[in-house]
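Biologist: Please take a close look at one part of this model, the ligand and what surrounds it. I am new to this structure, so plain terms would help.

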Amino acid sequence: MTVLIIAEHNNNTLNPATLHAVTAAQKLGAVHVLVAGNAAAAVAEQAKQVAGVEKVLLAEAAQFENALPEEVAPLVVSLAGAYSHIAATATAFGKNLLPRVAALLDVSQVSDVTDVVDAQTFTHPIYAGNAFETIKTTESKLVLTIRATAFDAAAAEGGNAAVETVAATPAQNLSRFVGRELTKSDRPELTQAKIIVSGGRAMGSAEKFNELLTPLADKLGAAIGASRAAVDAGYAPNDYQVGQTGKVVAPSLYVAVGISGAIQHLAGMQDSKVIVAINKDPDAPIFAVADYGLVGDAFDLVPELVNAL
Ligand code: FAD
């Protein structure tokens, strides 16, 4: 069995999220990585060094520059014949691309895989993370998105895969890349961060959100996250949102400040190694998943914590 992983990258750098999919794929068989891009040879060089990768396929063409699924999916389908499984990490990139691949192959996708039981049996969350189901699929070709937090990253170095150039499929011109707005931050990226400090509705305003959480995040070298209530109220930008409809994270330390612990929030952070909750309500559901809980007013406790640190 051979797995084709679709690499996520920006034509210069391989996104570390892909390394988690490599680990999951190693449980299935030999691992090949497809780098579809424009002038993306540097990415293929990085992919070939990833431990456990046997072969890198490099497809370069102008239409692959921005990873539009309408362009990349036909390329993946053109290569699919040689593979038992096609996989990508369940990031915006993977979630954007693989459903189109699955539809073109006329198979059903298994999304957000958290465990590989065997070549056809996978565990993944359902009902917004309220339950995990293990399913055995009968599809002849398997299309999988992999939850990064469920698998360790493969080592970025130590491999020495062959790089093979493959022919680009013709441009489809079904969609056009208009622009990309990227958040610039000195903080670690939320899904890669080892420590996250998250704020909820209790912050009360964008100013207080920043005033209270920034010193703590600075002390800890943490990324900042938020509940959906905090995002909806305009206290924090959209890309801070952790949860079912936000980002799924599993840092070593997650500090939830003034967050009640609704199931949709827990779905995005309950796999964190150590969870600290600060909430004035001793019955808040967040304490059910917390390793350490501080009951009290966050506006007193967080500055105290910063001083103590
Ligand atoms: P609240 O539930 O209002 O909790 C605020 C908490 O702060 C309370 O526990 C309160 O005791 C505490 N508090 C108040 N003042 C203080 C103080 N001074 N000091 C200390 N503690 C204080 N939510 C997400 O987070 N992420 C998602 O991805 C997400 N997706 C959703 C998808 C769907 C389809 C739906 C229906 C909902 C989704 N939600 C999501 C929303 C979710 O249901 C909750 O409404 C939300 O998580 C609540 O955010 P919160 O905990 O900040 O606010």
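Modeller: What follows describes the surroundings of the ligand and then turns to the cavity found in the protein. The model is predicted.

The ligand sits in the second largest pocket. Three elements each give two or more residues to the shell around the ligand: α6 (228-232), α7 (263-269) and α9 (298-308). In total, 25 residues surround the ligand. The closest of them are R201, S227, T245, S260 and N279. Sorted by class, this shell holds 13 polar residues, seven nonpolar ones and five charged ones.

Some distances can be given for individual residues. In the side chain of S260, an N or O atom is 2.7 Å from an oxygen atom of the ligand. The side chain of Q241 also has an N or O atom at 2.9 Å from a ligand oxygen atom. For R228 the backbone is involved: one of its N or O atoms lies 2.9 Å from an oxygen atom of the ligand. As for cover, the ligand on its own has 980 Å² of accessible area, and the protein covers 76% of that.

Apart from the pocket, a search of the whole structure finds one cavity of 30 Å³ or more. The largest cavity contains about 50 Å³ of space. Its lining is made up of I6, A7, E8, H9, A36, A67, V72 and F93. By class, the lining of this largest cavity has six nonpolar residues, one polar residue and one charged residue.

Note on methods. Residues are numbered from 1 along each chain as its sequence is written. This is a predicted model: local features need pLDDT of at least 70, side-chain atom pairs count only at pLDDT 80 or more; totals for chains, interfaces and linings use all residues. Side-chain values use heavy atoms; hydrogens and water are left out. A residue is near a molecule or strand if one of its heavy atoms lies within 4 Å of it. A polar contact is a pair of N or O atoms within 3.5 Å; within protein, one must be able to donate a hydrogen and the other to accept it, and residues adjacent in sequence count only if both atoms are side-chain atoms. Accessible areas come from the Shrake-Rupley method with a 1.4 Å probe; for residues, only the protein chains shown count as cover. On a 1 Å grid over the protein atoms alone, a cavity is a set of points where a 1.4 Å probe fits but cannot get out, and a pocket is an open set with protein on both sides within 12 Å along at least five of seven lines; lining residues have an atom within 4 Å of a point. A molecule sits in a cavity or pocket if more than half of its atoms lie within 2 Å of its grid points. Helices (H or I, at least four residues) and strands (E, at least two) are DSSP runs, numbered from the N terminus. Ala, Val, Leu, Ile, Met, Phe, Trp, Tyr, Cys and Pro count as nonpolar, Asp, Glu, Lys and Arg as charged, and the others, Gly among them, as polar. Grid points are joined across faces, edges and corners, and a volume is the space filled by probe spheres set on the points.
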